[in-house]
Amino acid sequence: MNNTIILRTPDVIAAEINTIKRTTAKYVLEQSIEIGRLLCEAKEAVPHGEWGHWLEENCAYSTSNANNLMRIYTEYGEDDEQLSFFAENKLELYGDLNRSQAIALLALPPAERAEFVRENDVPAMSVSELEAKIKEAKAETEAAVRAELGAALEKAKADVSEQKRRADKNAADLEKMKKNPELKKVKAELMEAKNSVETLRDVAEKAAQEAQHLKTERDVLQMQLSQPVVAEITEEQRASIIAEANSQMSAEMAAKDAELAKLRLAANPMVSKFSAYLDQMQIAFKNMKEIIDGAEPEVADKLGGALSKVVAMMAERV
């Protein structure tokens, strides 16, 4: 008969104790979640204003204790599935916690709570140690948030300052442009050109009216000359008078038409602008020619060649 005695070391006994503790904690937490679910269901059914009395009479719970149990259910469980606390890796995170530790962790938002449990040995902490650690973690989070907000505020201030600087610069540039004599000169020239165009249009309109008037006079004269003549004017004289009148009237009409065409052309802004540029080119050409004529032969040849190339290029493009 084998009488071997198995020695139970303190480490083995401690392991057994810790296993029972974890199992007990898991069971207590499971039951706390279920009680929280049932309390949520009861609160919906109890008439308004009678919740505290119902708790005291039926469950011997204070309102704060019931609230903690309901929060355990809503934070660690799901409304439509009992004991879902242990689904979706929640067992790995919270399975070794007791009810007091689970309640203490409610001080953290869900995302921070999970991270906190991953980074700390929560099951080994007392409630006071856990609360102190949570307070420290919240302080660090708040400090980080304040630092982030401060950086964002400083950046916003810098952006506003830069925008104000640009706005001030734009305003200064605009004011400088307003005071620029060249700008005033350009504005004056534009106004003068506008007035000139309007004047030319008036003159062209007046010329058109005079031409129409001459045409009317010619028609009247031709009608009068076509009437029977008095006896002392011969047929040959009458024909000569009509021919001379027609010739004179045609000459006057041609002159008026030419003047009217010239005025209409001058009233065209594009033609006026082109004429101004053409005058500037002629002046520039004359000045460059004078420079070439006054230069030494070798320099004059180079400058003359460059000018000839420019003129040739302009001629090709036209």
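**Exercise 1. Find the loop that holds A60, and describe this residue.**

Step 1. A60 belongs to the loop that runs between α2 and α3 (63–76). Keep in mind throughout that this is a predicted model.

Step 2. Now look at the backbone: the phi of A60 is near 60°, a positive value in a residue other than glycine. As background, most residues other than glycine have a negative phi.

Step 3. Is A60 buried or exposed? Its relative accessible area is 67%, and over 50% counts as exposed, so A60 is exposed.

**Exercise 2. Search the whole structure for aromatic pairs and classify what you find.**

Step 1. The search of the whole structure gives 1 aromatic pair.

Step 2. The partners are W51 and W54, with 5.5 Å from centre to centre and 10° between the planes. Planes under 30 degrees apart count as stacked, and the pair W51 and W54 is stacked.

Step 3. Where do the two partners sit along the chain? Both are in helix α2 (residues 51–58), and because they are 3 residues apart there, about one helical turn separates them.

Step 4. Finally, compare their surroundings. W51 is buried, at 11% relative accessible area, whereas W54 is partly exposed, at 27%.

**Exercise 3. Locate the charged group that sits over the ring of Y76.**

Step 1. Go to the ring of Y76 and look for a charged end: the one to find belongs to R113.

Step 2. Check the distance: the charged end of R113 is 5.3 Å from the centre of the Y76 ring.

**Exercise 4. Map the nonpolar surface patch made by F274 and its partners.**

Step 1. Which residues make the patch? They are F274, L278, M281, V310 and M314, and together they form a nonpolar surface patch of about 460 Å².

Step 2. Assign the patch to helices. Both α10 (269–294) and α11 (297–317) supply at least two of its residues. The most comes from α10, with 3 residues.

Step 3. Zoom in on one member. F274 is placed in helix α10, and with a relative accessible area of 56%, F274 is exposed.

**Exercise 5. Look for disulfides, then describe C40 and C59.**

Step 1. How many disulfides does a search of the whole structure find? The search finds 0 disulfides.

Step 2. Turn to the two cysteines. C40 has 22% relative accessibility and counts as partly exposed. C59 is also partly exposed, with a relative accessible area of 30%.

Terms used: Residues are numbered from 1 along each chain as its sequence is written. This is a predicted model: local features need pLDDT of at least 70, side-chain atom pairs count only at pLDDT 80 or more; totals for chains, interfaces and linings use all residues. Side-chain values use heavy atoms; hydrogens and water are left out. Patches are made of residues with over 30% relative accessible area and no salt bridge: like charges are joined within 9 Å, nonpolar side chains (Val, Leu, Ile, Met, Phe, Trp, Tyr) within 5 Å. Accessible areas come from the Shrake-Rupley method with a 1.4 Å probe; for residues, only the protein chains shown count as cover. A salt bridge is a side-chain nitrogen of Lys or Arg within 4 Å of a carboxyl oxygen of Asp or Glu. Helices (H or I, at least four residues) and strands (E, at least two) are DSSP runs, numbered from the N terminus. Buried means under 20% relative accessible area, exposed over 50%, partly exposed in between (1.4 Å probe, protein chains only). A disulfide is a pair of cysteine sulfur atoms within 2.5 Å. Rings of Phe, Tyr and Trp (its six-membered ring) pair if their centres lie within 6.5 Å; planes under 30 degrees apart count as stacked, over 60 as edge-to-face and the rest as tilted. A charge sits over a ring if NZ of Lys or CZ of Arg is within 6 Å of the ring centre and within 35 degrees of the ring normal.
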